[in-house]
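Got the structure open in your viewer? Here is a short walk through it, stop by stop, with something to select at each one.

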Amino acid sequence: RGAAPVPWALLHGEKQTGVTLFWIVEGLDTGPIQRQSVLEIGEDENATELLGRLVVLGTQELALGLNELASGHVRRTAQSGESSLAPKLDSRLSSLNFTLSAKEFHNRVRGLVLGPRAVLVLKFPNRHQRLGVLKTLVHSDLPSGNARAGQIMAVEPQKGILLQCSLGQLWLQEVQPEGGKKLLAIDFSMG
């Protein structure tokens with residue numbers, strides 16, 4: 001329940017989400033259920049992609065629900081279990097660092113693609129640069145020997161930049177420098 005259910009499902013690494021048609025009652029989002037449908041979340045699916053699929057599913061469920069009502073079939077199944085909260089996204093979530101595990105880093109990037117975008121701050125000798133991170137891919141969520149968090153492990157034209165996280169490694173694939181355009185991470189590294 002809340003303002004940002006799609007991003008929070010991704011931020012928490014959920015495997016499923018869905019849509020629910022429910023009756024409005026006095027309490028916020030607590031009314032009985034008319035229809036409900038579950039949707040599997042892809043491992044690398046971002047908030048934009050997931051929201052698009054949920055819109056299609058929600059439209060289908062709404063049509064079915066309206067047909068049920070028109071035919072006099074009214075369902076009122078009580079909600080059960082604990083609700084999960086999905087409050088408005090706070091800009092503090094957007095700050096990335098390598099103390100996160102590869103999976104947490106990846107989930108933050110895909111969950112925040114609609115904003116506030118995930119951002120890395122790159123530190124150079126005379127300046128700092130904010131770099132929006134738009135796409136990543138978990139390489140491994142296993143320990144990686146003696147590599148230090150933030151260390152570049154490999155650069156490959158087809159995959160991007162392989163970075164070490166506190167636990168595991170991930171490919172940085174698409175970025176956007178502050179005030180710049182979207183780039184493949186490999187192009188950013190060369191420019």
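**First stop: the start of the chain**

Select Ala-4 and show what surrounds it: leaving aside neighbours within four places in sequence, Ala-4 is in contact with Ala-86, Pro-87 and Leu-89. Bear in mind as you click around that this is a predicted model. Ala-4 sits in the segment before H1, and with a relative accessible area of 7% it is buried. Now add His-73 to your selection. It is 69 residues along the chain from Ala-4, and their C-alpha atoms are separated by 31 Å.

**Step into H1 and the core**

Next, pick Trp-8. Which residues does Trp-8 touch, not counting those up to four places away in sequence? They are Ala-86, Pro-87, Leu-89 and Leu-93. Ala-86, Pro-87 and Leu-89 are also on the contact list of Ala-4.

Trp-8 leads you into the largest nonpolar core, a set of 25 residues. To see its best-connected members, select Trp-8, Leu-89, Leu-96, Phe-105, Val-133 and Leu-172, which have the most contacts inside it. Colour by element as well: H1, H3, E4, strand E6 (160-164) and E7 each give two or more residues to this core. There is also a second, separate core of 11 residues, including Leu-10, Val-19, Leu-39 and Leu-57. As background, nonpolar side chains in soluble globular proteins tend to be buried together.

**The enclosed helix, H3**

Phe-105 is a handy bridge to the next stop, as it is one of the buried residues of H3. Select residues 102-111 to get the whole helix. Why call H3 largely enclosed by the rest of the structure? Because eight of its 10 residues are buried. Those are Ala-102, Phe-105, His-106, Asn-107, Arg-108, Val-109, Arg-110 and Gly-111, so put them on as sticks.

What do the buried residues of H3 pack against? Show helix H1 (5-11) and helix H2 (47-70), then strands E3 (119-124), E4 (127-140) and E7 (169-177), and you have the set.

**A peptide bond to zoom in on**

Follow the chain out of H3 and stop at Pro-116, in the loop between H3 and E3. Look at the bond joining Gly-115 to Pro-116: this peptide bond is cis, with omega near -10°. For context, most peptide bonds are trans.

**Along E4 to Arg-130**

Now go to Arg-130, which lies in strand E4. Is it buried, exposed or something in between? Its relative accessibility is 39%, so Arg-130 counts as partly exposed. Show what it touches, not counting residues up to four places away in sequence: Val-119, Leu-120, Val-121, Pro-177 and Glu-178. Then draw a distance from Arg-130 to Thr-59. You'll find 38 Å between C-alpha atoms, for two residues 71 apart in sequence.

**Over to E2 and H2**

Select Ser-37 in strand E2 (residues 33-40). Ser-37 has a relative accessible area of 16%, under the 20% cut-off, so it is buried. Beyond its neighbours within four places in sequence, Ser-37 is in contact with Thr-17, Gly-18, Val-19, Leu-57 and Glu-61. Two of those names should ring a bell: Val-19 and Leu-57 belong to the second core. Thr-17 is 20 residues from Ser-37 in sequence, and their C-alpha atoms are 8.6 Å apart.

Leu-66 is next, in helix H2. This one is partly exposed, with a relative accessible area of 48%. Its C-alpha atom is separated by 9.9 Å from that of Gln-34, 32 residues away along the chain.

**Zoom out**

Finally, clear the selections and look at the whole chain as a cartoon. You can count four helices and eight strands. Starting from the N terminus, they run α-β-β-α-α-β-β-β-β-β-β-α.

Rotate it and check the outline: the C-alpha trace spans about 70 × 35 × 30 Å along its principal axes. The radius of gyration is 20 Å, whereas a compact globule of 191 residues would be near 16 Å. Of those 191 residues, 37% count as buried. If you switch on the surface, the accessible area comes to about 11500 Å², and 54% of that belongs to carbon and sulfur atoms. Colouring by charge picks out 20 positive and 18 negative side chains, with the centres of the two sets 5 Å apart.

Key:
Residues numbered from 1 in each chain as written. Predicted model: local features only at pLDDT ≥ 70, side-chain atom pairs only at ≥ 80, totals over all residues. Heavy atoms only, no water. Buried < 20%, exposed > 50% of the residue type's maximum accessible area, 1.4 Å probe, protein only. Contact = heavy atoms within 4.5 Å. Core = buried A, V, L, I, M, F, W, Y, C linked by side-chain atoms within 4.5 Å. Rg over C-alpha atoms; globule rule 2.2 N^0.38 Å. Areas by Shrake-Rupley, 256 points an atom, 1.4 Å probe, with all protein chains shown as cover. Lys, Arg positive; Asp, Glu negative; His and termini not counted. Charge placed at Lys NZ, Arg CZ, Asp CG, Glu CD.
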